[in-house]
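User: I'm new to this one and would like a walk through it. Could you take me around, one topic at a time?

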Amino acid sequence: MKSAALKVTNMEKRTAKASHKLKGKRQTYATYIYRVLRQVHPDTGISAKSMGIMNSFVGDTFERVASEAAKLSLYNKRRTITSREIQTAVRLLFAGELGKHAVSEGTESVAKCTSSK
């Protein structure tokens, strides 16, 4: 009887290990945050805890912009989120000068990307 119970336990362990392996990598913005930090302050580092906070901040901001853009596309009875919805969402979410600066940086990036293609 002990061997049957032991076999089940081993099987459960193998299943748990297999499911653990299937999780995959978690998406992170750490590489991009670090690149921007290098551009702005080349001699400054960032701790792992601070990188985690920045990663959460960027992820949260992305979710908020995407959610607002989705709402705007639904209000206009469209199924596609275009650059116009993204731009309007950024203007709504970021107040005043920060919103204007974010829109101008985004417009510049899109222009640069489309001109290189």
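**Two crossing helices**

Analyst: This is a predicted model, and a good place to start is the pair formed by helix 2 and helix 3, whose axes come within 10 Å and cross at roughly 105°. That crossing makes helix 2 roughly perpendicular to helix 3, because angles of 65 to 115 degrees count as roughly perpendicular.

User: Which residues meet between helix 2 and helix 3?

Analyst: From helix 2 there are Ala30, Ile33 and Tyr34, and they meet Met51, Met54, Asn55 and Val58 in helix 3.

User: Let's take Asn55, then. Is Asn55 buried or exposed?

Analyst: Asn55, which sits in helix 3, spanning residues 48-75, counts as buried because its relative accessibility is 14%, and the cut-off for buried is under 20%.

User: And what is Asn55 in contact with, leaving aside its neighbours within four places in sequence?

Analyst: With those neighbours set aside, Asn55 has contacts with Gln27, Thr28, Tyr29, Ala30 and Ile33, and of these Ala30 and Ile33 also appear among the helix 2 residues that meet helix 3.

User: Moving to the surface, which residues make the nonpolar patch?

Analyst: Tyr34, Ile46, Met54 and Phe57 make a nonpolar surface patch of about 360 Å². Tyr34 and Met54 also take part where helix 2 meets helix 3, while Ile46 belongs to the loop between helix 2 (30-40) and helix 3 and, at 31% relative accessibility, counts as partly exposed.

User: Different topic: how many salt bridges does the structure hold?

Analyst: It holds one salt bridge, in which Arg64 pairs with Asp60, with the closest N and O atoms 3.8 Å apart.

User: Where do Arg64 and Asp60 lie?

Analyst: Both are in helix 3, four residues apart, which is about one turn of the helix. Arg64 counts as partly exposed at 45% relative accessibility, and Asp60 likewise counts as partly exposed, at 39%.

User: What about Lys77, what is its phi?

Analyst: Phi of Lys77 is near 55°, a positive value in a residue other than glycine. Lys77 is part of the loop between helix 3 and helix 4 (83-93), and with 78% relative accessibility it counts as exposed.

User: Last one: how far apart are Gly106 and Ser83, in sequence and in space?

Analyst: They are 23 residues apart in sequence and 9.4 Å apart in space, taken C-alpha to C-alpha. Gly106 is located in helix 5, which covers residues 96-116, and at 30% relative accessibility Gly106 counts as partly exposed.

Definitions and conventions. Residues are numbered from 1 along each chain as its sequence is written. This is a predicted model: local features need pLDDT of at least 70, side-chain atom pairs count only at pLDDT 80 or more; totals for chains, interfaces and linings use all residues. Side-chain values use heavy atoms; hydrogens and water are left out. Buried means under 20% relative accessible area, exposed over 50%, partly exposed in between (1.4 Å probe, protein chains only). Contact means heavy atoms within 4.5 Å. Patches are made of residues with over 30% relative accessible area and no salt bridge: like charges are joined within 9 Å, nonpolar side chains (Val, Leu, Ile, Met, Phe, Trp, Tyr) within 5 Å. Accessible areas come from the Shrake-Rupley method with a 1.4 Å probe; for residues, only the protein chains shown count as cover. A salt bridge is a side-chain nitrogen of Lys or Arg within 4 Å of a carboxyl oxygen of Asp or Glu. Axes are lines fitted to C-alpha atoms, for helices over the stretch in contact, and angles run from 0 to 180 degrees between N-to-C directions. Angles under 35 degrees count as roughly parallel, over 145 as roughly antiparallel, 65 to 115 as roughly perpendicular and the rest as oblique.
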